[in-house]
Amino acid sequence: MFVTKLNVDGFKNLKKINIKPHQNINIFCGKNAQGKTNLIESIWLCSGVKSFRNTKDKSMIDINGEVSNIELSFKDKIREQVINYNMAKPNFKDKNVYLNGVKLKAPSNLFGNFDCVIFTPEDLELSKGSPDNRRKFLDLSVSQIKNSYNSIIIKYENILEQRNALLKNINQGKSSIEDLDIWDTQLASMGAYISLLRYNYTKKLNIFAKRLFSEISDNKENLELCYFSTVYDNIDDKKDYRGEMTEEYLRCLKNSVKDDIRAGFTSKGVHRDDLVGYINGLAVRDFASQGQHRSLALILKLAQAYILTEETKDAPCILLDDVLSELDVSRQKFVISKINDMQVFITCCNMNIPFDKNSSGKIFFIENGRIVKKNQG
């Protein structure tokens, strides 16, 4: 899968961007705050995922402009397709998104059409950061291969919010404990489904990550990834998420209800689970070095790309937003060597990137939101 054309105008500071990217390497080069990351973000939005920078809707349109238009053409293993992603003031939240001229209900309906994997400097904290970041990583990864999954996550979060509000009311004597039943039933049903899909994805992730981590450590370190559930002692061989798994989830909620009422929140569930790693049998969270954390973060993203390729039979586009500058040369070379058969978009302030001498691509120099020069590599 690769982008054939990208036209962007009015998205943040970008003005009249019209480029035909190379099928291999594309470098957006320029000083800070010129629009390099905005270009990466415009590509990312066309995958149907929210901004990786948590950009608010009103900030997506240039402060001096009225509209934002993104048009991305891409070619997959079957055909060439076109995505249009348009916004206008003052109705920032009303995004007009089209796929091949057909208007979609929401940007998330783009899931499964144009696939990207993004690396940012913040992703280097994926291994040692909050479990919430790893849960989001798992949920995004699953969503990319199972399009309906994202809507289940949203529903789960909404019901969890309702249950937590009710727990506080019960604690204050404003509601009855019996009122929890309707929320518990729904939470258990969706939680069981989410648990199973996350667990199955983690098993695939472990296969790729184990091999990649062995390579990046010169075969000196063995990695194991596991899905840690606060509900299930063991998910292995479980498949009946509608029956057995839902019942077990519901029992867990019932067993912890007294503690939940005292605390005012739901203490067990997929919203408290984690993706955990072990290097040579030692917990990554407690014993990994800074270098090991960084290596694992890179491995997780590479494995995500490989799983997408395996599941869709088409390699995703790779977006590297200023991440190579955060890595030492050996890790830079490792990442580049693992994505050399995919289309790659890289942002950088200088050209000190250790590409293979046989690499081919294009360099786009950006200044004040415009492409000021193009070089064919």
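**Helices, loops and cysteines in a predicted model**

Helices α2 and α4 are roughly perpendicular to each other. The model is a predicted one, and this crossing is a handy place to start reading it. Two packed helices are described by the angle between their axes and the distance between the axes. For α2 (residues 131–145) and α4 (residues 181–216), the angle is about 90° and the axes lie 10 Å apart. Since angles of 65 to 115 degrees count as roughly perpendicular, the pair earns that label. On the α2 side, the contact is made by Arg135, Phe137, Leu138, Asp139, Ser141, Val142 and Ile145. The α4 side supplies Leu197, Arg198, Tyr201, Thr202 and Leu205.

Helix α3 comes next. It covers residues 149–171, and its 23 residues should span 33 Å at 1.5 Å a residue. The C-alpha atoms at its ends are in fact 33 Å apart, so the expected and modelled spans agree. Several residues of α3 are buried, among them Tyr149, Tyr156, Arg163 and Asn164. Ile152, Ile153, Ile159, Leu160, Leu166, Leu167 and Ile170 are also on the buried list. What do these buried residues pack against? Their partners are α2, α4, α5 and α6 (257–263). After α3 comes Gly173, with a positive phi near 80°.

Helix α8 takes up residues 290–312 and also has its span on record here: with 23 residues, it reaches 34 Å from its first C-alpha to its last. That is close to the 33 Å expected at 1.5 Å a residue. The helix is mostly covered, with 17 of its 23 residues buried. Just after α8 sits Lys313, where phi is positive at about 65°.

Some backbone oddities turn up in the loops. Most residues other than glycine have a negative phi, and most peptide bonds are trans. Lys12 goes against the phi trend, with a positive value near 55°. Lys12 is placed in the loop between β1 (2–9) and β2 (17–19). Its relative accessible area is 14%, so Lys12 is buried. Asp218 is not a glycine either, yet its phi is positive at about 55°. This residue lies in the loop between α4 and β9. Is Asp218 buried or exposed? At 57% relative accessibility, Asp218 counts as exposed. As for peptide bonds, the one joining Lys89 and Pro90 is cis, with omega at about 0°. Pro90 itself is found in the loop between β5 (80–88) and β6 (96–99).

Two further loop residues are worth a look for their contacts. Asp240 belongs to the loop between β9 (223–228) and α5 (244–255). With a relative accessible area of 40%, Asp240 is partly exposed. Its side chain reaches the backbone nitrogen of Gly243 at 3.0 Å. A polar atom of that same side chain of Asp240 also lies 3.2 Å from the backbone nitrogen of Glu244. Further back along the chain, Leu196 is 44 residues away from Asp240, while the C-alpha atoms of the two are separated by 9.1 Å.

Gln343 is the other one, placed in the loop between α9 (329–338) and β13 (344–348). Its relative accessible area is just 2%, so Gln343 is buried. How far apart are the C-alpha atoms of Gln343 and Met1? The separation is 7.5 Å, although their positions lie 342 residues apart along the chain. Leaving aside neighbours within four places in sequence, Gln343 is in contact with Met1, Phe2 and Val3. Its contacts also include Pro21, His22, Gln23, Asn24 and Asn26, along with Pro316, Cys317 and Ile318. With His22 there is a polar link too: the backbone oxygen of His22 lies 2.7 Å from a polar atom of the Gln343 side chain.

Finally, the cysteines. A disulfide needs a pair of cysteine sulfur atoms within 2.5 Å. By this rule the model has zero disulfides. For Cys29, the nearest cysteine sulfur belongs to Cys348 and is 4.1 Å away, and Cys29 is in no disulfide. Cys29 counts as buried, at 6% relative accessibility. Cys252 is in no disulfide either, and the nearest cysteine sulfur, that of Cys226, is 19 Å away. At 12% relative accessibility, Cys252 counts as buried.

Methods
Residues are numbered from 1 along each chain as its sequence is written. This is a predicted model: local features need pLDDT of at least 70, side-chain atom pairs count only at pLDDT 80 or more; totals for chains, interfaces and linings use all residues. Side-chain values use heavy atoms; hydrogens and water are left out. Buried means under 20% relative accessible area, exposed over 50%, partly exposed in between (1.4 Å probe, protein chains only). Helices (H or I, at least four residues) and strands (E, at least two) are DSSP runs, numbered from the N terminus. The expected span of a helix is 1.5 Å times one less than its number of residues. A polar contact is a pair of N or O atoms within 3.5 Å; within protein, one must be able to donate a hydrogen and the other to accept it, and residues adjacent in sequence count only if both atoms are side-chain atoms. Axes are lines fitted to C-alpha atoms, for helices over the stretch in contact, and angles run from 0 to 180 degrees between N-to-C directions. Angles under 35 degrees count as roughly parallel, over 145 as roughly antiparallel, 65 to 115 as roughly perpendicular and the rest as oblique. Contact means heavy atoms within 4.5 Å.
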